[in-house]
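Thanks for making the time this morning. I would like to walk you through one chain, so please keep the sequence and the model in view while I talk.

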Amino acid sequence: MSEVMAETKIFSVFADVEQYAMLQESALELIMQIDEPVGLYGKPLADKWAPMDVTWFYNPDERVKPQPDIAAFGATAFAASAETCETLKPLIADYVEFLPINVDGRRWYIIHVLAREDVFNEAESERKIKRDGTPSRIFKKLVLDADRISEGVLFRVEGLSLGIYSTNRPNSLMSVVQKLGLTGMEFQQEL
């Protein structure tokens, strides 16, 4: 009996910061980056990376949130413990680089997404218009063509900014996270 593959769907990948704690660089690390900020935007950094000290962000006006398996690291990246990364490495290593960080004395890794897919459908997408009449970088309607995906494990979209995506394919990050029951991630279906 052959396995039937469901239609490929694309999902935005987010950290669940409503339910779980997120990571932040220490004040010292932020000061040290004033002249050379670290940009986790999909360009390889491993050859010049130096592990940094990171702490859990706590808002004194909110309840203390539990620490997830995979946490937000700023607005453009995720991080996971060494143990979680060892589990994920055979599945996603071809699409990311693992950048070491120290989280309250424990080794964690930023999961820096390098893979790109050419799936942006400019013709069907609709940008918001700024007050001055020029197109915004933000979309009213973003259309991504799932039929153009080559791998779909974990990727950024060629020609777009900071978004990170996965698919519903069996080897995708979304499927692996759900199968392993890892906490801290949300997946929102795109058009």
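In this predicted model, the largest nonpolar core has 38 residues, and those with the most contacts inside it are Ile-111, Leu-144 and Leu-154. The elements that each give two or more residues to this core are strand 1 (10-15), strand 4 (70-73), strand 5 (77-81), helix 2 (82-92), strand 6 (96-103), strand 7 (106-113), helix 3 (173-180) and strand 13 (185-189). Apart from this there is a second, separate core of 17 residues, which includes Ala-21, Leu-45, Ala-71 and Trp-108.

Let me stay with Ile-111 for a moment. Which residues is Ile-111 in contact with, once its neighbours within four places in sequence are left aside? They are Phe-78, Ala-79, Ala-80, Cys-85, Leu-88, Ile-92, Val-96, Glu-97, Phe-98 and Leu-154. Phe-98, which is on that list, also has the charged end of Lys-89 sitting over its ring, 5.3 Å from the centre.

Turning to helix 3, its buried residues are Leu-173, Met-174, Ser-175, Val-176 and Val-177, and these pack against strand 1, strand 4, helix 2, strand 12 (165-167) and strand 13. Just after the helix, Gly-181 takes a positive phi of about 70°.

Now to the aromatic rings, where the count comes to three pairs, and I will describe two of them. Trp-56 and Trp-108 meet edge-to-face, at 5.4 Å centre to centre and with 85° between the planes. This pair links distant parts of the chain, with Trp-56 in strand 3 (residues 52-57) and Trp-108 in strand 7, 52 residues apart, and both tryptophans are buried. Phe-120 and Phe-139 are likewise edge-to-face, with 5.6 Å between centres and 70° between the planes. Here Phe-120 lies in the loop between strand 8 (116-117) and strand 9 (126-129), while Phe-139 belongs to strand 10 (residues 135-141), 19 residues further along; Phe-120 is buried, and so is Phe-139.

I would also like to point out Glu-190, which is placed in the segment after strand 13. Is this glutamate buried or exposed? Glu-190 counts as buried because its relative accessibility is 16%, and the cut-off for buried is under 20%. Not counting residues up to four places away in sequence, Glu-190 touches Ile-10, Phe-11, Ser-12, Leu-142, Leu-144 and Tyr-165. Its C-alpha atom is separated by 5.4 Å from that of Phe-11, although the two residues are 179 apart along the chain.

Stepping back to the whole chain, the secondary structure comes to three helices and 13 strands, and buried residues make up 45% of the 191 residues. Among contacts between residues at least 6 apart in sequence, 65% join residues at least 24 apart. The chain exposes about 11300 Å², of which carbon and sulfur atoms supply 51%.

Finally, a word on confidence. The mean pLDDT is 87, and 88% of the residues reach 70 or more. Over residues 27-35, however, the pLDDT is below 50, and beyond near neighbours in sequence this stretch has six contacts in the model. Where pLDDT is low, the predicted coordinates should not be read in detail.

Methods. Residues are numbered from 1 along each chain as its sequence is written. This is a predicted model: local features need pLDDT of at least 70, side-chain atom pairs count only at pLDDT 80 or more; totals for chains, interfaces and linings use all residues. Side-chain values use heavy atoms; hydrogens and water are left out. A nonpolar core is a set of buried Ala, Val, Leu, Ile, Met, Phe, Trp, Tyr and Cys residues joined through side-chain atoms within 4.5 Å. Buried means under 20% relative accessible area, exposed over 50%, partly exposed in between (1.4 Å probe, protein chains only). Helices (H or I, at least four residues) and strands (E, at least two) are DSSP runs, numbered from the N terminus. Contact means heavy atoms within 4.5 Å. Rings of Phe, Tyr and Trp (its six-membered ring) pair if their centres lie within 6.5 Å; planes under 30 degrees apart count as stacked, over 60 as edge-to-face and the rest as tilted. A charge sits over a ring if NZ of Lys or CZ of Arg is within 6 Å of the ring centre and within 35 degrees of the ring normal. Accessible areas come from the Shrake-Rupley method with a 1.4 Å probe; for residues, only the protein chains shown count as cover. pLDDT is the predictor's confidence in each residue, from 0 to 100.
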